[in-house]
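The following exercises concern one molecular structure. Each consists of a task and a solution that proceeds step by step.

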Amino acid sequence: MTKAQHIAAFTEMMWEWYRRHKRVLPWRDLKIKDDTQRAYLVLVSEIMLQQTQVPRVEIMFKKFIRTFPSLEALAHASNRDVILAWRGMGYNSRALRLRDAAKKIVQYFGLQFPQNMEELLSIKGIGPYTAAAVRNFAFNLPTPCLDTNIRRILHRVFIGPERRDGTWRKNDKYLLKLAGEVLDIALLSPTRPARGAPSPTLLRSSGATEGQAGGGQRRRQRPPPLGGRVGDGGKDWHAALMDFGSLVCTKNNPKCQQCPLRHRCTSVNRVKPHRSKLKAGSSKLREPGREIAGKFVPNRIIRGRIVEELRDAPKGLALNDIGGRVCIDWDAKEHREWLHGILEKLKRDALIRSEGKRLMLAE
Ligand code: SF4
């Protein structure tokens with residue numbers, strides 16, 4: 001089988017799987033005519049999904065959009081308002097990055113959400129994957145990209161499993177080229193979704209449920225059509241890869257036995273549990289943090305806890321109070337310098353500020 005034939009077989013199976021198992025998510029298939037509004041919703045979802053699981057984002061996305069219903073509303077929000085609206089998400093710097101991106105679009109692009117890669121990449125906080133995701137999902141402009149799901153699927157299917165330490169044998173340059181070749185063939189596939197309005201009800205009534213892998217038992221049923229205008233293939237194709245990576249070819253527990261690709265995949269039943277790159281007990285390459293009650297806690301967790309405490313303290317808290325709330329072993333003498341360092345970094349990141357001896361969320 002040639003490489004092109006292998007890719008064609010892969011894309012056909014993926015389309016088939018996606019027809020039956022597509023997830024219905026609040027930021028998908030947006031029936032919004034306003035390009036900027038559609039792109040805004042896609043951008044919010046993509047930034048949220050960077051470090052947060054889909055079920056949590058499903059909840060938080062709706063809340064965030066209620067608070068900031070448009071790009072313009074977010075662009076004018078204060079640090080404090082954005083951090084408050086980000087409650088429950090963690091990695092709070094993302095909220096400010098998202099607001100700053102909205103600001104830049106309003107200021108430099110006159111509320112017209114840019115569509116080309118160069119312009120999208122000129123916005124701080126929008127990297128190559130996010131730019132491509134906006135093009136695919138908001139503008140139906142098929143654009144190859146790599147995220148953790150796509151990288152994992154392409155590498156496992158066409159190259160082989162990851163190493164035991166979780167690293168890949170082929171680099172992203174190679175995989176992005178492969179992603180482009182695969183996308184081209186996926187869009188030409190005769191089994192590519194046909195035009196016609198997608199109906200979540202129809203999808204659900206087909207028997208497709210989240211969490212099911214493979215399509216073997218349902219092959220005989222005629223799958224419902226997916227919908228879309230010309231160009232929707234790029235949007236659907238990437239959504240298919242995301243769903244497949246989340247439900248079937250997962251990081252730690254790929255469901256090879258139920259996988260429709262099992263006869264074509266170079267990694268079937270070969271993915272081994274990842275070994276930590278570090279030996280147990282080694283702290284050499286660990287991210288910054290310290291042992292708290294016998295468990296290593298990274299500083300980023302403490303950062304999140306501090307912001308969480310300050311969300312509920314509009315008048316601020318003193319350093320000692322913060323220490324007592326975020327560390328069960330708080331000892332002012334021993335830990336003050338360490339906590340001070342974390343607080344200073346939070347200030348530099350514009351997440352908090354100080355007024356006299358009290359610390360509070362940034363304005
Ligand atoms: S056979 Fe296993 S490793 Fe290969 S794509 Fe399917 S789930 Fe992933």
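**Exercise 1. Determine which residues of helix 2 and helix 3 meet, and describe the packing of the two helices.**

Step 1. In helix 2, the residues Leu41, Val44, Ser45, Met48 and Leu49 meet Val54, Val57, Met60, Phe61, Phe64 and Ile65 in helix 3. Two residues are in contact if their C-beta atoms, placed from the backbone, lie within 7 Å. Helices (H or I, at least four residues) and strands (E, at least two) are DSSP runs, numbered from the N terminus.

Step 2. Sorted by class, the contact of helix 2 with helix 3 has 10 nonpolar residues, one polar residue and no charged residues. Here Ala, Val, Leu, Ile, Met, Phe, Trp, Tyr, Cys and Pro count as nonpolar, Asp, Glu, Lys and Arg as charged, and the others, Gly among them, as polar.

Step 3. Helix 2 (residues 35-49) and helix 3 (residues 54-67) pack at an angle of about 140 degrees, and their axes are 10 Å apart. Axes are lines fitted to C-alpha atoms, for helices over the stretch in contact, and angles run from 0 to 180 degrees between N-to-C directions.

Step 4. Helix 2 and helix 3 are therefore oblique to each other. The classes are these: angles under 35 degrees count as roughly parallel, over 145 as roughly antiparallel, 65 to 115 as roughly perpendicular and the rest as oblique.

Step 5. The crossing in which helix 2 passes helix 3 is right-handed. A crossing is left-handed if the near helix is turned anticlockwise from the far one by less than a right angle, and right-handed if clockwise.

The basis of these values should be stated. The model is predicted: local features need pLDDT of at least 70, side-chain atom pairs count only at pLDDT 80 or more, and totals for chains, interfaces and linings use all residues. Residues are numbered from 1 along each chain as its sequence is written.

**Exercise 2. Describe how helix 2 packs with helix 8.**

Step 1. The angle between helix 2 and helix 8 (residues 128-139) is about 135 degrees, with their axes 9 Å apart. That makes helix 2 oblique to helix 8.

Step 2. Helix 2 and helix 8 cross in the right-handed sense. Helix 2 contributes Asp35, Arg38, Ala39, Val42, Leu43 and Glu46 to the contact, and helix 8 contributes Thr130, Ala133, Val134, Phe137, Ala138 and Phe139.

Step 3. This contact of helix 2 with helix 8 comprises eight nonpolar, one polar and three charged residues.

**Exercise 3. Establish the strand order of the open sheet of three strands, and state what packs on the sheet.**

Step 1. The order is 3-5-4, with antiparallel pairing. Strand 3 and strand 4 are the edge strands, each pairing on one side only. Two strands pair if DSSP finds at least two bridges between them.

Step 2. Helix 13 (residues 299-311) packs on the sheet and touches strand 3, strand 4 and strand 5; the direction of helix 13 makes about 90 degrees with that of strand 5.

Step 3. Strand 3 (residues 317-318) is joined to strand 5 (residues 358-361) by two bridges, and Leu317 stands opposite Leu359.

Step 4. Strand 4 (residues 352-355) is joined to strand 5 by four bridges. Glu355 has Arg358 as its bridge partner, and Arg353 has Met360.

Step 5. Strand 4 and strand 5 form a hairpin with two residues between them, and Gly356 in the turn has a positive phi of about 60 degrees.

Step 6. Helix 15 (residues 332-348) lies across strand 4 and strand 5 and runs at about 110 degrees to strand 4.

**Exercise 4. Describe the hairpin of strand 1 and strand 2.**

Step 1. Four bridges pair strand 1 (residues 289-292) with strand 2 (residues 295-298) in the antiparallel sense. The bridge partner of Gly289 is Pro298.

Step 2. Two residues lie between the strands of this hairpin, and Ala293 in the turn has a positive phi of about 50 degrees.
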